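User: I would like to go through this structure by asking what each label rests on. Please set each value against its criterion before drawing a conclusion.

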Amino acid sequence: MEPESNGEKMLVENANARSQSPWIQGYSPRTLWRSVFREDRLFLVLSVFIGVFAGLAVVCFRFAIDWARLYLLGTGVALTPARMLLAPALAGLLIAVLVIHFFPAARGSGVNQTKAALYIFNGNIPFKTAVGKFITSALAIGSGHSLGPEDPSLQIGACIASALGREMRLERDRMRLIAPVGAAAGLAAAFNAPISAVLFVIEEVIGRWTAGILGSVVLSAVSSVVVMRWFLGSESLFRIPAVELKRPAELMAYATLGVIGGLASVAFASGIAWLRPICKALPRWTQYLQPAIAGLLIGVIGMLGAPQVMGAGYEYIDQAMHGQFTWEFLAILAGLKILATMLSFVSGTPGGMFAPTLFVGAMLGAAVGGAQHALLPHLTGSAGTYALVGMGVLFAGFLRAPMTSVFMVLEVSGNYSIIVPVIVANTFAYVISRALQPTPIFDLLTQQDGLQLPSMEEQREENILRVEDAMQPVEGPVLDAEKTLEDAVKMLDHSEIEQLLVRLSPVGWGSVSKQQLLTMASQGNGATTLGALLPIAPVPYLHPDHPLETALRHVDRWPLVPVVNRADFRKLEGVVTQRDVLERYREFGEG
Amino acid sequence: MASDIIARWRFYLRQRPVVLAALTVLAIVFFLAVTGLSQVHQAQRRAIGDRWFNRGIADLNAKRFEAAVKDFRAALLYSPDDYSYQLNLAEALIGEGQRGQALAYLINLWEREPENGIVNLELARSAANQGQTDDAIRYYHNAVYAVWPPDQDTMRRDARLELIELLLRIGAKQQAQGELIALAERVGPDPAQQERVGELFLRAGDYEHALAAFSTVLKSDRHNAAALAGAGYAAFELGRYPEGQRYLQAAIEAKPDDTASQARLKTTQLVLQMDPFQRQIPIAERDRIVVQAFQTAGERLRSCKLPAGISSAGSAPLSLGDEWEGLKPQITQLRLRRDPDLVETGMDLVFRIERATSVACGSPTGADLALLLISNMHEGS
């Protein structure tokens, strides 16, 4: 933090002078100050503030959505046709104006924007984006657009965090990481699931587990959930049915759900991938109409008998979980929700994909469970269990967050007996989705927007080169430090090797050249041991499982680096040289 | 100078502790603001929910179930965990015929309050409708011993009555009798309830308790036709024919079109007329009855072709027909007067014929039925 004006400089100098007076040296207020407000400690404290503010913002966001729904769609469950058609269409028109003229960064779900803040903008997100996201998303979801509040909450949280970070003038590294901290807080409050939020942010936004960020992410997520529960209660977004796995054979049914869910995820993602560029390529004036047309079409779907697809739809997830729809209708609802969400999303209406994904998953799960129950009533359990698993399936297949998908179902259901069906179904969905749609939806959207953000899936599955990949067998003799110089020279008689490794006693490795040995022998030191004779500087050693980049730190300084066994450091597994390492990287780069 | 002061303030305001303190104050202010907002929001939701709920209750009372379902669903949007909203929605769904959906709500309610009487009763009804009798009995038992509001204690009795009905429907008469005895102790002297209990006792085959229940009714209303008929029926089944005759005659007087009582009275009168073992009956009359009963049994034997295997008791090779033919010359008023043991022999054959033919050819009517009932009455005596 550099002082900016003369006045500030003067104050800093005065403070420095005071701190240098001998009687308070070491205990000066400045030292104490700096110690208390150290950057890492401050970051943790700030995480709690981020959580509190994000929690408050998400509570207000929920109220705003609720009020928008009340005033735009009415208070009852049976919506009038006029409201069904006009509310999303007119709201779409207003949203388009707001997004185009005032809040262009509010477009989209919010996940990629948060990633962009982390990787491109050094953690900076204008606060205006949060305001825009808040207003436009509340209008969109409240008026019946098929979008959810979670991703916008994530972005609002990230915006708040970024603003607080700027205010605190955090260092650049900390500033970069502040957006994910806020994102976790926003998502946790929106979804009332702190563990899933933390996992999602680690899995999809940050992409790696680091101790430095984990504590902050957890703190912010927990504090935001506490705030949210203070105001909205701790009840889940839907009533969780009794979870049951009737018998192991039922896992076949869950595998079937995984396959169907995987295919549905591919259809969902492919639809967006195909339709979004088309909509974006249309003339600019059409962008004013696209959200309105999408809203109108969603209203038509509602009028045709499926008003359940309008809005986030948590109440209908609840009903599906409690067997209140026939399996045929559930399947239709899943299809229509995919269509409605595609329309809303590709039109550029701000809003999230989480809730629609959960909706589609729950409907699909309950439909598959219902159909299987009709065919094999003694084999399958309740539709509610299938709906729960179905939510995880779509999360794994469509959002491609496999770990979050498992923990989300566990956290929401609060029942660990569901873990096996969830893992089975999610694995099938994930594998099918990966095979048929190689690029995950978030990466696809990033590419369509012309950004190059790191793919978390690629990062997770990146092949790491290890030392064993470049390691070569030991050529020539390995000398022991206890040997005399005379013996060592005898061993070298028939060897062409220029550089030799010396096994030190009791542990450790050294290196010596053939020329050095011969020189010392010519000076008449033949009877002396190598250990006593050689000014051998210990050579660092590696293990075969070390990442190859570790070898890079040593090979430019040491011509020959030993690779030793982890159980016995004196046992040589091989050696690496700079040439070997570079050669391996070259081969890897060529594929 | 002014710029220095501003710079000094800016410097202090940008110090991290100051920013943190400002954030704390800001957080408190926002917290209070959101608390106010939350109260407004909750009050509004509660009001809307109550409005829909009241509308639903009105529709439910008017048996407009479809509208009631929509109303309660709307109410639940604003208060998803409200117990009475869910319970009324379940009732409306049952009324609408959507028992599956109602069951989902009821199970959810039951998980929250397993001791709730209404929920258990509704679950029992639902299970009974689906033929899940074990579950139904369990839920009915829960309902009987559940917590009921003071003004709904009659529901406990209704739950037990429904349980008894179910038990009788599935033929579990022993269990039904046990429940009925418990019920009878709790219904008090209310004639209508006692009458219902008496009828259930009759259906459960516990005629003694049935007669007691109907007698209780008749103490307060001597001319209650249903109670008289029930008491007559119970006395008839207990073999108390004179008592039964009295009740049945009174029942027919009170309700002349009671054909069941008329038929039962006719049989009762026949029993009383055709029983030769009644006390204080003149010898001549007794002998006449025996001769008549013997003729009746013979005609029954002739009209009912007994399977070849059916013969007289013991190892005697003679068939009942042969026996009857063999005894026929002896069953005259003159011979009976001379040999009183023939009364026993003749009536024994009559009883055996009536029992055998009732097994082979179905339940008899008229005089044959009377003879069968007399045989049952004297069996083992």
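Analyst: Helices here are DSSP runs of H or I with at least four residues, and strands are E runs of at least two; by that count chain A has 26 helices and five strands. The model is a predicted one.

User: Why is T129(A) called buried?

Analyst: A residue is buried if 20 or more other C-beta atoms lie within 10 Å of its own. T129(A) has 22 other C-beta atoms within 10 Å, and therefore counts as buried. This residue lies in helix α6 (residues 127–143) of chain A, and, leaving aside residues up to four places away in sequence, T129(A) touches F103(A), A105(A), A106(A), Q155(A) and C159(A). For one of these, A105(A), the separation from T129(A) is 24 residues in sequence but 5.8 Å in space, C-alpha to C-alpha.

User: Do R400(A) and K63(B) count as buried or exposed?

Analyst: The cut-offs are 20 or more neighbours for buried and 12 or fewer for exposed. R400(A) has 27 C-beta neighbours inside 10 Å and so counts as buried, whereas K63(B), with 9 C-beta neighbours inside 10 Å, counts as exposed. R400(A) is found in the loop between α16 and α17 (402–413) of chain A, and K63(B) in the loop between α2 (16–61) and α3 (65–78) of chain B.

User: What makes the backbone of R400(A) and that of K63(B) worth pointing out?

Analyst: Most residues other than glycine have a negative phi. Against that background, R400(A) has a positive phi of about 55° although it is not a glycine, and K63(B), also a residue other than glycine, has a positive phi near 60°.

User: Why is α16(A) described as largely enclosed?

Analyst: Of its 15 residues, 15 are buried, so α16(A) is largely enclosed by the rest of the structure. This helix covers residues 383–397 and reaches 20 Å from its first C-alpha to its last, close to the 21 Å expected at 1.5 Å a residue. For chain A as a whole, 52% of the 591 residues count as buried.

User: What makes β1, β2 and β3 of chain A an open sheet with mixed pairing, and which strands stand at its edges?

Analyst: Two strands pair if DSSP finds at least two bridges between them. β1(A) and β2(A) have two bridges, in the parallel sense, while β2(A) (residues 499–503) and β3(A) have five, in the antiparallel sense. The three strands form an open sheet in the order β1-β2-β3, with mixed pairing. β1 (479–480) and β3 (509–513) of chain A stand at the edges, each with a single partner strand, so one side of each is left without a neighbour in the sheet. Four of the five residues of β2(A) are buried, so that strand is largely enclosed by the rest of the structure.

User: Which residues stand opposite one another in this sheet?

Analyst: L479(A) stands opposite V502(A) in β2(A), R503(A) is opposite W509(A) in β3(A), and the bridge partner of L501(A) in β3(A) is S511(A). β2(A) and β3(A) form a hairpin with five residues between them, and G508(A) in the turn has a positive phi of about 110°.

User: How do you know that β4(A) and β5(A) pair, and which way do the residues of β4(A) point?

Analyst: At least two bridges are needed, and β4(A) and β5(A) (residues 572–576) have four, in the antiparallel sense; P562(A), for instance, has V575(A) as its bridge partner in β5(A). From β4(A) (residues 561–564), V561(A) and V563(A) point one way, P562(A) and V564(A) the other way, and all are buried.

User: What makes a set of residues a nonpolar core, and which members touch the most others in the largest one?

Analyst: Its members are buried nonpolar residues of the listed kinds joined through C-beta atoms within 7 Å. The largest such core has 162 residues, and A184(A), V201(A) and M363(A) touch the most other members. α3(A) gives the most to this core, with 18 residues.

User: Where do chains A and B meet?

Analyst: 28 residues of chain A are in contact with 27 residues of chain B. On the chain A side, the elements giving two or more residues are α1 (6–19) and α3 (39–73), with the largest share, 10 residues, coming from α3(A).

Key: Residues numbered from 1 in each chain as written. Chains lettered and ligands numbered in written order. Predicted model: local features only at pLDDT ≥ 70, side-chain atom pairs only at ≥ 80, totals over all residues. Contact = placed C-beta atoms within 7 Å. Expected span 1.5 Å × (residues − 1).
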